[in-house]
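Work through the exercises below with the model open. Try each task before reading its solution.

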Amino acid sequence: MIEVLRLGHRISRDKRISTHVALVARSFGASKIYYTGQKDKSYEESVSKIVKEFGGDFSIEYVSSYKKLFSDKTVVHLTMYGEDFRKVKIPKNDLLIVVGGEKVSGEVYEMSDFNVGVTNQPHSEVAALGVFMDHIVKSKYPSFDDGKVRVKPSSKGKEFY
Ligand code: SAM
C-alpha cells in the first residue's frame, strides 16, 4: 500500500499544487493522501470530486501532526538533498511518501527512513512524486474501471468508453 503526505499546505498559495500532488498520488496508485498545514475544505472537495467522477479508491485527510503516521510505515521523504532515488533500495512494505512545501523541518529528515532526490536540483513536489511513484510501481498504474468518466486512449481528440 502506498500513501502520500503533503506537508505545509497553505490555503492562499498551494491549492493548485497540493491538488496536483493528490491527483498524481491517485493516478499512480496511492490509496490516500494526508496533508498538514492549513485545513482546507475546498482542497478536499476538489480531490473528492475527481475521485467521484474518475473512480478508484482514494481519500484525503487533514492531520494536525504527521508524527503518528511515521510509526508503522516505511517513510520516504522526497528532497533535492537526498540520495539518488534510482540507487536506494526501498523495501516492499507499506510506504508513506512525503513531499514538502516551502520549508521542511530538519525533524522530517531525521524521522524518515529514506531521504531521496529525483535529481539534486530544485524543482517541484508534483514532478518528484510522479517520477518516484512511477519508479516504485514500475509503470503499472491502476485501471480505474469503476469511474463514471472513463477515458479511452486515443491518438486524436477525446474519446470515452
Ligand atoms: N529545498 C526544497 C527541498 O528540500 O527539496 C525544495 C522545496 S520544493 C518548492 C517543495 C518540495 O518539492 C520539496 O519539499 C520536495 O518534496 C520536492 N522536491 C523539489 N525538488 C526535488 C528534487 N530534486 N527531488 C525530490 N524532491 C524534490
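Three exercises on this predicted model follow.

**Exercise 1. The sheet**

Give the strand order of the sheet and find the strands at its edges.

Solution. Step one: trace the pairing. The order is S3-S2-S1-S5-S4-S6, so six strands make up an open sheet, with parallel pairing. Step two: look at the ends of that order. S3 (59-62) and S6 (114-117) each have a single partner strand, so one side of each lacks a neighbour in the sheet. Step three: add the twist. From one strand to the next, it averages 30°.

**Exercise 2. One strand pair and two helices**

How many bridges join S2 to S3, and which strands do H1 and H2 touch?

Solution. Step one: take the pair. S2 covers residues 32-37 and runs parallel to S3, joined by four bridges. Within this pair, lysine 32 lies opposite serine 59 of S3. Step two: place H1. This helix, residues 11-27, packs on the sheet and touches S1 (2-9), S2 and S5 (95-99). The H1 direction makes about 170° with that of S1. Step three: place H2. Residues 41-54 form this helix, which packs on the sheet against S1, S2 and S3. Its direction makes about 170° with that of S3.

**Exercise 3. Glutamate 44**

Is glutamate 44 buried or exposed?

Solution. Step one: locate the residue. Glutamate 44 sits in helix H2. Step two: apply the cut-off. Buried means under 20% relative accessible area. Glutamate 44 has 15% relative accessibility, so this residue counts as buried. Step three: list its contacts. Leaving aside residues up to four places away in sequence, glutamate 44 touches Tyr35, Lys39, Ile60 and Tyr62.

Notes:
Residues numbered from 1 in each chain as written. Predicted model: local features only at pLDDT ≥ 70, side-chain atom pairs only at ≥ 80, totals over all residues. Heavy atoms only, no water. Pairing = 2+ DSSP bridges. Helix = DSSP H or I, 4+ residues; strand = E, 2+ residues; numbered from the N terminus. Axes fitted to C-alpha atoms, helices over the stretch in contact; angles between N-to-C directions. Contact = heavy atoms within 4.5 Å. Buried < 20%, exposed > 50% of the residue type's maximum accessible area, 1.4 Å probe, protein only.
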